[in-house]
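Me: I've got a protein–DNA model open and I'd like to learn how to read it. Could you walk me through it?

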2 protein chains.
Amino acid sequence: MHDPNSFGCRAFTAVLQRIGDKWSLLIVSVLAEGPKRFNELRREIPSISQRMLTLTLRGLERDGLVSRTVTPSIPPRVDYELTELGQSLRKPVCALAEWAMANIDAIHTAQSRFDRANGEKV
Amino acid sequence: MHDPNSFGCRAFTAVLQRIGDKWSLLIVSVLAEGPKRFNELRREIPSISQRMLTLTLRGLERDGLVSRTVTPSIPPRVDYELTELGQSLRKPVCALAEWAMANIDAIHTAQSRFDRANGEKV
DNA sequence: TGACCTGGTCACACCGAGGTAACCGGAGAA
DNA sequence: TTCTCCGGTTACCTCGGTGTGACCAGGTCA
C-alpha cells in the first residue's frame, strides 16, 4: 500500500498542480533564456494576459523557482530570473517534453482512431 | 523564434493538458502494477468518483495510453491495462516525480518564507 | 420479491482557473 | 494638457473540470 508510486504520485501531483497549469512551464521555458523584464515576458508570450502573467510569476516566485528583482527607478524596472531550483527543474521537464515531442504523433493517431471508432455512432 | 523550447513547450503543454489533470497520473501509476478491473481501480483510489474514473479512463484510452478489454460475461468484466505507450510514459514521469520528491521540501520552504514575508502585511 | 453486484451514463450544481477591462502613480513626450 | 509607458491590482464574468446522485441492464442471492 505504501509503494513508491503512491508517494511519488502525491509529491508529483502537488508539483503538477503548480507547474502543470496553463502558463508556468511556458514562462519557465522563456526565462530559461535568461533574465527578463515583465513586459519582455509579455511580448514573448503575446497570448498571456497581464493578470495571469502576474499571478503565475507570483506563484513561481512563491515556490522559489523564480526570483524577482525590483529596481526602483523611473519607470520602475522588474527583472525575473530562474533560481537554481528553477534551473534544476528544466532537466526533468525537458525529459518529459522530449517524450511529448517523440510521442505526440502516436497520441494524435490514437485519438483519431478512437474518435473514428467511437464518434461515428453519434 | 523556432527554438526547441518553444516547440517542446507546445507538445509538452498538450501532453500536460491530458495527463496533468487531477486523476490521470494516479490511475497510470496504479495501472503500472498490472491490469486492473474498473472496481479494483475504484477501491485503490477511494477518493475518485465513478464518473471521473470513467471519464479519465476514456481519456487515457483515447490517447492510446490505456487499453480497455471487455469480457462479456455475467456480470460484465472490464480490464484496463497500460499500453506500450503508457509504459513508455512512466520513465519521464518518474524522472519528474523524482525531482518532485527531491525538491518538494525546498518548495515548501520557499513557500513558507514567501508567505511569511508577504502574508504579514494582511 | 427485493437487495446487491457488475460497469457505466446522464442531469445538475458548484467552484475555481482564467480572461477582460478599468484603474493607479509617476514621469516623459507630443 | 493629454497620451503613453511601466508594473501591477482589482472587480467582474465566463467556462470547463469536477463532484453528487439517480438511473440503467442483467443476473445472483436471501
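Reply: Sure. One cut-off first: a residue is near a strand if one of its heavy atoms lies within 4 Å of it. Keep in mind that this is a predicted model.

Me: Which parts of DNA strand D, sugar or phosphate or bases, lie within 4 Å of the protein?
Reply: Of the strand D atoms within 4 Å of the protein, 63% belong to sugar or phosphate, and the rest to bases. On the backbone side, polar side-chain atoms of Asn39(A) and Trp23(B) sit 3.2 Å and 3.3 Å from a phosphate oxygen. On the base side, a polar side-chain atom of Arg51(B) lies 3.2 Å from a base oxygen.

Me: How many residues surround DNA strand D?
Reply: 20 residues do, and the closest include Tyr80(A) and Arg51(B). They split into 8 nonpolar, 4 polar and 8 charged. H4(A) gives the largest share, 4 residues.

Me: What else does Tyr80(A) touch?
Reply: The general idea first: in soluble globular proteins, nonpolar side chains tend to be buried together. Here, the largest nonpolar core has 66 residues, and Tyr80(A) is among those with the most contacts inside it. Leaving aside residues up to four places away in sequence, Tyr80(A) touches Leu31(A), Phe38(A) and Val66(A), among others.

Me: And how do I read the two chains together?
Reply: Two copies of a chain are related by a rotation about an axis and a shift along it. For this pair, a 180° rotation with 0.0 Å of shift superposes chain A on chain B, RMSD 0.1 Å. That's the relation of a two-fold axis. In chain A, Gly20(A) has the C-alpha nearest the axis, 2.9 Å from it.

Notes:
Residues numbered from 1 in each chain as written. Chains lettered and ligands numbered in written order. Predicted model: local features only at pLDDT ≥ 70, side-chain atom pairs only at ≥ 80, totals over all residues. Heavy atoms only, no water. Least-squares fit on C-alpha atoms with pLDDT ≥ 70 in both. Core = buried A, V, L, I, M, F, W, Y, C linked by side-chain atoms within 4.5 Å. Buried < 20%, exposed > 50% of the residue type's maximum accessible area, 1.4 Å probe, protein only. Contact = heavy atoms within 4.5 Å. Polar contact = N/O pair within 3.5 Å; in protein donor to acceptor, adjacent residues only side chain to side chain. Helix = DSSP H or I, 4+ residues; strand = E, 2+ residues; numbered from the N terminus. Nonpolar A, V, L, I, M, F, W, Y, C, P; charged D, E, K, R; others polar.
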